Amino acid sequence: MAGIYTVTEQQRIRMFDNGSSTATFISGDSEKDILVATFDPFAYLNPDVPGFGEKLLTREGYDVISFQKRIENYYQDLSREDVRSVLGSFLSRYRKLVFYGCSVGAYAALYFGAPFEADILAISPRVSSHAVYCQHLKLNGAHARLHQHGPIHDGTPVLARNVVLLYDPVSTLQRAAVPDIIYMDEHILPAFRSVDVRPLRHTGHPSTTPLAETHQLRPVLFQFLRSGSVDLSAYHRLKSASPTYLVNFSAWLLQKKRLEWAISVGDKALRLAPRSPQVVFHRIRLLLTQGNFIGARYTALQALEAEAAKQSHHLRLIATFEDAGDDEGVLQIIKHAVDLNPALLPAPARRSLSAKASTLLEKAERLEEALSWALEANDLGEPDVHLLQRVGHLAYRLSQWQQSLDYLDKAIGLQNDSGYSHWLRGLALGKLDRIAEAQASLERALALQPGENYWKLQLAELYLINWKQFEARQLIEDVAASGPLSLGLLTFKAKLLVKLADDRAAVETLQEAARIAPSDINIQKRLVSAYRSVGQIAEALKQADHALACNPNHLDLRRIRNEVLQELSFCASHGHL
């Protein structure tokens, strides 16, 4: 759909519009004989505002055709025929045609410019829908199916004349940096007869940012328009004035384990741009690397308070603190995030962060806070089985048996085939002395997950309460036959054997446990008790001596040893040994 409209006193004539991609002509109102076709970068999705480089070019009198998107389609809905139909009526009016773009716009400049006798300035080309990126970044599904264009050299003659490619060959801050290099080496360079590749180390993606920060993007662009080449010597002299360059350089030094130099460069970036999120986030990363968690948290919270905080800032900081293993830092960022205006943090994001906070708080044994956050997460959307289970689990740990049962019933109402829900429900019912129901829940849990040995022993314990000794023994034997048991299973098994009055089997089980953990006081005490129960008083004394040797200052062990010694003396005096 064609149309004429005005944006900031600049007349823009819509030449092409297929619903998702557009092409707009903007006159520079001069006699310049160069037409520039520009392509918006990634996530620039408003064709009703000036496009990439448009203002800069038209102010200098250049005519521009701006290709823009309404949705992020990587220009895949635009064909070479579409571009030729837009440019065709203009070509006879100009001496030279230039294609210009950065990021996905640079990809588009290369792909659509290749068949024209034109110059191409491509800065940091990237097209994340291409198979190279999908494979390396493990992108699949709908994203991988987006790419519709063939190779740059698909049989169509490549007529482009002066092609200059600027990029960062050592970017350390983006996962896509590696496929950028692969795509350039395997798909861009072979397509053209000659490409002037100009690496700009530590500029990151896109390299336009440090060029702009050093006021060199404008002279580089206009020199290319005039001559088809670029001179980057001024940028190289001035690059230390670019905060983005300094952050990328510092990150590279950090990767190379040159911490002091990395800190020095990072400090310089902070002096240049103390309020830049990129600079501040890197400062936080440096503090975390030094182990200064308190300083990193303080810096993060100060930065969030100073700026109009965005959800993306919080998520990025959470990931940074997670990578450093600072759970308290993650919690502080989450607490700050959930205090924001709900419009900045929608319910799904708030729910996810609340659930994460609950998990971290439980890890720190702050159970009441963990339950509070879990309840908040549960209330922020449709019922969710995992969140209901989490509330049930935390309420159980806090001895809030009825609340635990209520939420587990809701979880089972949503998903009846979760063994975990039935198991935990059985434990809560047991604590409420509803033994028959608890037994039924554990039986259901084991029917769903028959390999859970600990659940079997818990069910055996319930059977013993109901005097079902045969069933209990059968479960214990089932567990014993499953293979080598963990320390926890061995001690639980021994406890049940004592309840069954099978003291000799309990002794054998505790001996096995003691071999696994010879210095565990509780196992030693229980083994001493088991020896006494079967009349092996001398063995009990030997075990008590061993336990005391491992824990010579343990008063309870001394008391137990004295009791065993008295029992041994009594037995000897009465001829029982």
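## Confidence

Residues 4-9 have pLDDT under 50 (pLDDT is the predictor's confidence in each residue, from 0 to 100), and the model gives them 16 contacts beyond four places in sequence (contact means heavy atoms within 4.5 Å). This is a predicted model, in which local features need pLDDT of at least 70 and side-chain atom pairs count only at pLDDT 80 or more, while totals for chains, interfaces and linings use all residues. Residues are numbered from 1 along each chain as its sequence is written, and side-chain values use heavy atoms, with hydrogens and water left out.

The protein chain has an average pLDDT of 89, and 93% of its residues reach at least 70. Among its elements, the lowest mean pLDDT, 48, belongs to strand 1 (residues 3-7) and the highest, 98, to strand 7 (residues 119-123). Helices (H or I, at least four residues) and strands (E, at least two) are DSSP runs, numbered from the N terminus.

## Asp326

Asp326 sits in the loop that links helix 13 (311-323) to helix 14 (327-338). Its relative accessible area is 2%, so Asp326 counts as buried (under 20% relative accessible area; exposed is over 50%, partly exposed in between; 1.4 Å probe, protein chains only). Apart from neighbours within four places in sequence, Asp326 contacts Leu288, Phe293, Arg297 and Phe321.
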